[in-house]
Amino acid sequence: MSSLSMRPCGDFRTSYKQDNTIFETKTIRWVTIFTIIALCFAPLVVDGYFITLLIQISYLGIAALGLNILVGYTGQISLGHGAFFGFGAFASAWLNISFEIPVFICIPLAGFLTMGVGMMFGAPAARIKGLYLAIATLASQFIIEDFFARAEWFSGGAAGSMADPVNLFGFAFDTDESFYYIALFALVFMFIWGCNLMRSRDGRAFVAVRDHYLSAEIMGVKLNKYRLLSFGISSFYAGIGGALYAHYLGYVSAEGFTIMMSIQFLAMIIIGGLGSIKGTLMGVIFMVFLPEVLESGVGLMKMTDWGNIPMVIDGLAYIKEMAIGLVIIGFLIFEPEGLAHRWTQIKNYWKFYPFAY
Amino acid sequence: MNFELLTQLIVNGLIVGLLYGVIGMCFVLVYKSTQIVNFAQGEFLLIGAWVCWASLIYLELPFFLGFLLSLVFMAGFGVLLQMIVLRPMIGEPIISVIMVTIGLSIFFQSLMKWIFGVSPQSYPKVFDTESISILGLNVEMAYLMSTVIALIIMVAFFLFFKHSKHGLAMRATAFDQQASQSLGVSVKHVFAMSWGIAATVSATAGIVLGMVNGVSDSLSIMGIKVFPAVILGGLDSIVGAIVGGLIIGVLENVAEFFDSQYLHIGNMYDIAPFYVLLIILWFKPYGLFGTQDIERI
């Protein structure tokens, strides 16, 4: 989980302030700013399908960052993140329909509601840890899922519930292209917030709890407070992500938010790298593109003579699921530190290129 | 209040609870000796049941031969799994170990769906009579067999750990890995053996359940339902697993009964154990029989 930052020669830090900047080097800062500006022009360049993928990356990325704060930074385990994501989606739709609150206020409100629920279910975390916590959160996943199916006033029961598009000053963000900007804004905002959180006193307390909770407690870090806070923040992120998902699709049904979704979130942060904000985004991109790549791979195989096997083509849905399982296992065995670590290694290789030994 | 129905449900709960206990025992066995929480336990049931089904249908073996064949297969499967996937995970943090077994679970679940399809298949008839009545209660033959098998497995576990050399080695490894290694116990073999045993015994439970309800991917849910039982008893207590299994088995049936008679909330059968799990963890963070960790700096 540790990240060793390799800096170019001559780039010294002389104060804590310099050591705590969001971007490690000037180059990284400029590359990030240019990437965000370039992404703003994406709808003009790429086709609509790619935009839907980018929107998917945005809302999943926000939720996954929340999980990474909980798992990667605080060292707690949660198998119920998918349920919190779903809770955010339903909460936002419910607030909008029942109280007629404008959607762009509903989204943060849904985040806070989910935060409350997350802290309620995270409360045992103050006392239990490790495997027991994993299974307690598994229980909360099933209980919340059951709640969705049962509470018709909240989720619309089996029929699901409708969610209006985001509407700001009379302009409805109801197309993919326009919603893309909302999603992008939310993503950038939440990621900057996450970066800043990790630079703050609370963020350092999270890391201390993860690395050695007994020592942290002796040093004066309030264990219960930070464990609970971490659950709250992670659920807040999940709620925001879920709310965006709801208002993007316009319709929420209870079937999607299963244990499989929670596992996919965990897979994202493991593939990307636990305890790495950049890695979270890499993991999400990987997991969003994995099924697409598989699908086009099978599509290409279909065109050749030897690859036209009906078993493969009919079983595509299963192959996608199997690939998720395989990727999780493969990464944990061969690259347990995730893509972020691999990225650093590649960068260092080129930095030291002729003299790497 | 309908007492007859209630007693019938409680008896059913005890029978299913014994099976939970057996699956929970495998779970605890793997956890105790290798420190790995096996989220793929349900898939062991599933794979065992499908292999047995395939050997009965495609190879047309008689039941007991097919049964034995699938047990042998599963023993090999468990050992191989441990060697290939789980050996590299020794010493990794808990979250990685959990995720590896979750990955295995997803992989095998969809693999089984891919190979055998999603619709439930039933075994060819094994017993002539469907059910017999004991003391006025209807008990299905397959359930009776499952009870007998579960009891046999439990006794076998007891004898194995108490009186055999390998059992002693496994207990020693569970107690202190380094000390037992320095005294000549092959920890590698113990790890492989515990996975082999867990896979075999789970497969037995899977086949028994498959005979009652038919084989389908819903069998793998048993792997998740066993968690409340195991946590209730404490993750590292074999007796606790059996007691927890019995409690959960009875509890879900009783919850179902009260729900259908009075509350009408629905779906209590599946969800009640998880509520109990949360409540228990609130008061006893290490389960009823689990040993409390004492940590030093």
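In what order do the elements of chain B run from the N terminus on? In this predicted model, the elements of chain B follow the order α-α-α-α-β-β-α-α-α-α-α-α-α. Chain B thus holds eleven helices and two strands. The radius of gyration of chain B is 19 Å, and the globule rule gives 19 Å for 297 residues, so chain B is as compact as a globular protein of that length.

The C-alpha trace of chain B spans about 60 × 50 × 40 Å along its principal axes. Buried residues make up 48% of the 297 residues of chain B. Contacts in chain B were also sorted by separation along the sequence. Among those with a separation of 6 or more, 75% join residues 24 or more positions apart.

Chain B also touches chain A. On the side of chain A, 33 residues take part; on the side of chain B, 34 residues do. Four helices of chain A each supply at least two residues of the side that touches chain B: helix 7 (130-150), helix 11 (213-218), helix 13 (259-272) and helix 16 (316-334). Helix 7 of chain A gives the largest share of this side, eleven residues. By class, the side of chain A that touches chain B comprises 26 nonpolar residues, four polar residues and three charged residues.

Notes:
Residues are numbered from 1 along each chain as its sequence is written. Chains are lettered from A and ligands numbered from 1 in the order in which they are written. This is a predicted model: local features need pLDDT of at least 70, side-chain atom pairs count only at pLDDT 80 or more; totals for chains, interfaces and linings use all residues. The radius of gyration is taken over C-alpha atoms; the globule rule is 2.2 Å times the number of residues to the power 0.38. A residue is buried if 20 or more other C-beta atoms lie within 10 Å of its own, exposed if 12 or fewer, and partly exposed in between; C-beta atoms are placed from the backbone. Two residues are in contact if their C-beta atoms, placed from the backbone, lie within 7 Å. Ala, Val, Leu, Ile, Met, Phe, Trp, Tyr, Cys and Pro count as nonpolar, Asp, Glu, Lys and Arg as charged, and the others, Gly among them, as polar.
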